[in-house]
Amino acid sequence: MSGEVETRKLVSFEVAARALAAPIELVRETVDPRPITPLFGVPAAIVGLVSLRGELLAVLDVGRLLGIGVARRDEGSRLVVVDVEGRQAALLVDRLGPLRTIARDALRPPPDTLPATESALLLGVVSLPERPLAVLDLRRVLDAPPIRPFRERRDPLEPKESPTR
């Protein structure tokens, strides 16, 4: 063993006064907000669609998905564009934070005091001197129950499967 500490890089941001982060390898880019086309008949966590260099991306309100509040839409807001196994989306965040480098073993399981809806979407929590940093599990975020019905593209000519209960 070389004695080197294995690290992980995180893109940090804030939503509803909470410090959050995403693994940098799943973040494609961060961009200033642009016009968001609202969608009707979708859960509130799906803010709408945004065109980014001709590509349409769903804009997700992570605050609503986590149950911690609503992401702001103002001059400090940013879109964090993520790519998880070929699935892309833009996360609406209140503001970007610094790029963080943490020791891999600094990531701890979410505490039992967090609501289940929030902890289900986290890889874990890092204790920082200023406040805890919750690290999103982007695979679970993009598969969260409110989003799941909208994530698969279907051929409009194919018959829809009937739900089984």
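What percentage of the 165 residues in the chain is buried? Buried residues account for 39% of them. The model on screen is predicted, and the stops below go from the whole chain to single side chains.

**Whole chain**

Show the chain as a cartoon. It has 3 helices and 11 strands. Followed from the N terminus, the elements read β-β-β-β-β-α-β-β-β-β-α-β-β-α. Switch to a surface: the accessible area comes to about 10000 Å², and carbon and sulfur atoms hold 52% of it. Of the contacts between residues at least 6 apart in sequence, 55% join residues at least 24 apart.

**The five-strand sheet**

Select β3, β4, β5, β6 and β7. These strands form an open sheet in the order β3-β6-β7-β5-β4, with mixed pairing. β3 (27–31) and β4 are the edge strands, each having a single partner, so one side of each has no neighbour in the sheet. From one strand to the next the twist averages 30 degrees.

Start at the β3 edge. β3 pairs with β6 (residues 78–84) in the antiparallel sense, over 4 bridges. Label V27, whose bridge partner in β6 is V82. β6 is mostly covered, with 5 of its 7 residues buried.

Move on to β7 (residues 87–93), which runs antiparallel to β6 and is joined to it by 7 bridges. V82 appears again here, opposite A89 in β7. Then zoom in on the hairpin of β6 and β7: 2 residues lie between the strands, and E85 takes a positive phi near 50 degrees.

Now go to the other edge. Is β4 (residues 46–52) largely enclosed or left open by the rest of the structure? Because 5 of its 7 residues are buried, β4 is largely enclosed. β4 pairs with β5 (residues 55–61) in the antiparallel sense over 6 bridges, and L49 stands opposite A58 in β5. These two strands also form a hairpin with 2 residues between them, where R53 in the turn has a positive phi of about 50 degrees.

**The cores**

Which residues have the most contacts inside the largest nonpolar core? They are F13, L91 and L136, in a core of 43 residues.

Select L91, which lies in strand β7. L91 has a relative accessible area of 0% and is therefore buried. Leaving aside residues up to four places away in sequence, L91 touches L60, V62, R78, L79, V80, V82, L136 and L138. For a distance check, pick the C-alpha atoms of L91 and L57: they are separated by 9.8 Å, with the two positions 34 residues apart along the chain.

Next select L136. With the same exclusion of residues up to four places away, L136 touches F13, A21, P23, V62, L66, L91, L121, L122, L123 and V141. A second, separate core of 9 residues includes A21, L107, V126 and L133.

**A buried glutamate**

Select E118 in helix α2 (residues 116–119). Its relative accessibility is 2%, so E118 counts as buried. Residues up to four places away in sequence aside, E118 touches R18, L66 and I68.

**Salt bridges**

Show the charged side chains. Side chains of opposite charge can pair when their charged atoms come close. The count here is 14 salt bridges.

Go first to R78 and D32, whose closest N and O atoms are 3.1 Å apart. This pair links distant parts of the chain, with R78 in strand β6 and D32 in the loop between β3 and β4, 46 residues apart. R78 is partly exposed at 22% relative accessible area, and D32 is partly exposed at 44%.

Next, find the salt bridge of D61 and R64, at 3.7 Å from N to O. D61 is buried, with a relative accessible area of 2%, whereas R64 is partly exposed at 41%.

Then select R100 and E130, which meet at 2.8 Å, N to O. R100 lies in strand β8 (residues 95–103) and E130 in the loop between β10 (122–127) and β11 (132–136), so the pair ties together parts 30 residues apart in sequence. R100 counts as partly exposed, at 22% relative accessibility.

For the last stop, select R28, E29, R53 and E55, which a network of salt bridges links. R53 has already come up in the turn of the hairpin of β4 and β5.

Conventions. Residues are numbered from 1 along each chain as its sequence is written. This is a predicted model: local features need pLDDT of at least 70, side-chain atom pairs count only at pLDDT 80 or more; totals for chains, interfaces and linings use all residues. Side-chain values use heavy atoms; hydrogens and water are left out. A nonpolar core is a set of buried Ala, Val, Leu, Ile, Met, Phe, Trp, Tyr and Cys residues joined through side-chain atoms within 4.5 Å. Buried means under 20% relative accessible area, exposed over 50%, partly exposed in between (1.4 Å probe, protein chains only). Contact means heavy atoms within 4.5 Å. Accessible areas come from the Shrake-Rupley method with a 1.4 Å probe; for residues, only the protein chains shown count as cover. Two strands pair if DSSP finds at least two bridges between them. Axes are lines fitted to C-alpha atoms, for helices over the stretch in contact, and angles run from 0 to 180 degrees between N-to-C directions. A salt bridge is a side-chain nitrogen of Lys or Arg within 4 Å of a carboxyl oxygen of Asp or Glu.
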